[in-house]
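Subject: Structure for your review

Dear colleague,

Please find below the structure that I am handing over to you. A description of its sheets, helices and domains follows it.

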Amino acid sequence: MRDLYVKTPQALEALLAELRRVGYEIKDLRKDEFRADRGVPVSEMEEKGWSLWYASLPDIRHGKCKSCGSVISVAGVRFHGHKCEICGEVTYYDLVDGSTMKFVFLNNRERNFLSPKLKMRVKRWDVEQEDIYFYYEFLEGGLSVVTGNQATAYLNENKRLWQVIEEDGQKLLKVRYSLYWDRDTAAIEAYDSYGHYWNHSIVKIWDGKEYGELDHLPIPESMNIFETWHWSPLQATPYLHERILSAAGQVSDKGYYYQDGRSFFMASEWKEMAKFVRHFTVLNGDRFDDAWPKFRSSGPGGIDDLAHFCHGNPVVENRPNIGNILVAASKLIEGKPLTESEITEAVRGVESEEGVDLIRGFLGKKR
Ligand SMILES: [Zn+2]
């Protein structure tokens, strides 16, 4: 999965030299602050098979001004009112006439995801005076966004935080809102906003060629590098399947997956796991190649089959998952049948601590 596994110190030396030649910046993770902060000894990183080197292509992201077409610095390019360093045109406005914003008043009252929010259309944002002006109209915005009388009541609860003014015969709501938002002094907190003004794009430039922001370069932008001689070959333990799944970027907890038998694992993922099995475990790679095409493709089924291939008596994680409550609830609402396993997992989810919190949240009750 784009990670590199190196089998000998000699190979590592050759690899790092080659990566540097291509232009990668290499970080020695033995010296990383992340490790030091947690007090993890280097020997533990080695034995547990942590990534020990991180290779990435530096400085490939740039801005591109739509007014003059120049490639410009990416720093600040998406900041309200930022200007192109070549032609001086504004590259981005976060809020302009017609943008919408969902927000709450910061009134020191406790909030949860169901607390009232307002969604309003922006007239203008005066960044010098640090005020924002909304058209006095409450927009629909889904769960927890209040309109009509509820919106008026919400405004009245927060009277000291806004003003209604009239401008060209139009009623506007004026609220303090700074470009440099600070929770301690701000009147509102924005949840999201739409309708930005874009006058730039983000591009990636590699080897003299320009790519779109989401395009893949011909080589990976970053890679983890593992030194396998500290831990390989892995023995056939009851937990070996977890290691194989995680190397292929997969979750090994059965509770994480859909419980209705739908397909999850694809051939490409089994093939990645097969490479890992062949090179870094004591298991027989040929036997695994024969076995995986017969594994179940559902999340829980596939994990069970893999785990049993690895060990005669595996320990497979299956934690309650609140996601399973939501899946079951929405199927019930739509009048769809539930499988036995979906019912079991939903009930386990409801009984878990997270599930109890979720349901209390819906009912608006505290613990
Ligand atoms: Zn420009």
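**Findings in the predicted model**

Glu167 stands opposite Gln170 in E12. Please keep in mind throughout that the model is a predicted one.

The strand that pairs with E12 here is E11 (residues 162-167), and six bridges join the two in an antiparallel arrangement. Together E11 and E12 make a hairpin, with two residues between the strands. One residue of that turn, Asp168, has a positive phi of about 50 degrees.

E12 (residues 170-176) also pairs with strand E10 (residues 131-135), again in the antiparallel sense, and this pairing has five bridges. Within it, Tyr135 has Leu172 of E12 as its bridge partner.

As a general reminder, the strands of a sheet pair through backbone hydrogen bonds, and the pairing can be parallel or antiparallel.

These strands belong to an open sheet of six strands, in which the pairing is antiparallel and the order is E11-E12-E10-E9-E8-E13. Which strands stand at its edges? They are E11 and strand E13 (188-194), each of which pairs on one side only. On average, neighbouring strands of this sheet are turned by 45 degrees against each other, if direction is ignored. At the E13 edge, strand E8 (residues 100-105) pairs with E13 in the antiparallel sense over six bridges. Val104 has Glu189 in E13 as its bridge partner.

There is also an open sheet of three strands, with the order E6-E7-E14 and antiparallel pairing. Strand E6 (82-83) and strand E14 (197-198) are its edge strands; each has a single partner strand, so one side of each is left without a neighbour in the sheet. Strand E7 (residues 90-93) is joined to E14 by two bridges, and the two run antiparallel. One of the pairs involved is Tyr92 with Trp198 of E14.

I now turn to the helices. Two packed helices are described by the angle between their axes and by the distance between the axes.

Helix H5 (residues 240-247) packs with helix H8 (residues 299-310) at an angle of about 125 degrees, and their axes are 8 Å apart. H5 and H8 are therefore oblique to each other. The crossing of H5 past H8 is right-handed. On the H5 side the contact involves Leu240, His241 and Ile244, while H8 contributes Ile303, Leu306, Ala307 and Cys310. Sorted by class, this contact of H5 with H8 has six nonpolar residues, one polar residue and no charged residues.

Helix H9 (residues 322-333) and helix H10 (residues 340-351) have axes that come within 7 Å and cross at roughly 125 degrees. That angle makes H9 oblique to H10. H9 passes H10 in a left-handed crossing. From H9, the contact uses Ile322, Asn324, Ile325, Val327 and Ala328; from H10, it uses Glu342, Ile343, Glu345, Ala346, Gly349 and Val350. How many residues of each class does the contact of H9 with H10 have? It has seven nonpolar, two polar and two charged residues.

Finally, the domain assignment of the protein gives domain 1 (1-57 + 219-232), domain 2 (61-90 + 200-212), domain 3 (95-195) and domain 4 (322-363). The centres of domain 1 and domain 4, taken over C-alpha atoms, are separated by 41 Å.

Yours sincerely,

A colleague

Terms used
Residues are numbered from 1 along each chain as its sequence is written. This is a predicted model: local features need pLDDT of at least 70, side-chain atom pairs count only at pLDDT 80 or more; totals for chains, interfaces and linings use all residues. Axes are lines fitted to C-alpha atoms, for helices over the stretch in contact, and angles run from 0 to 180 degrees between N-to-C directions. Helices (H or I, at least four residues) and strands (E, at least two) are DSSP runs, numbered from the N terminus. Angles under 35 degrees count as roughly parallel, over 145 as roughly antiparallel, 65 to 115 as roughly perpendicular and the rest as oblique. A crossing is left-handed if the near helix is turned anticlockwise from the far one by less than a right angle, and right-handed if clockwise. Two residues are in contact if their C-beta atoms, placed from the backbone, lie within 7 Å. Ala, Val, Leu, Ile, Met, Phe, Trp, Tyr, Cys and Pro count as nonpolar, Asp, Glu, Lys and Arg as charged, and the others, Gly among them, as polar. Two strands pair if DSSP finds at least two bridges between them. Domain bounds come from an automatic or database domain assignment.
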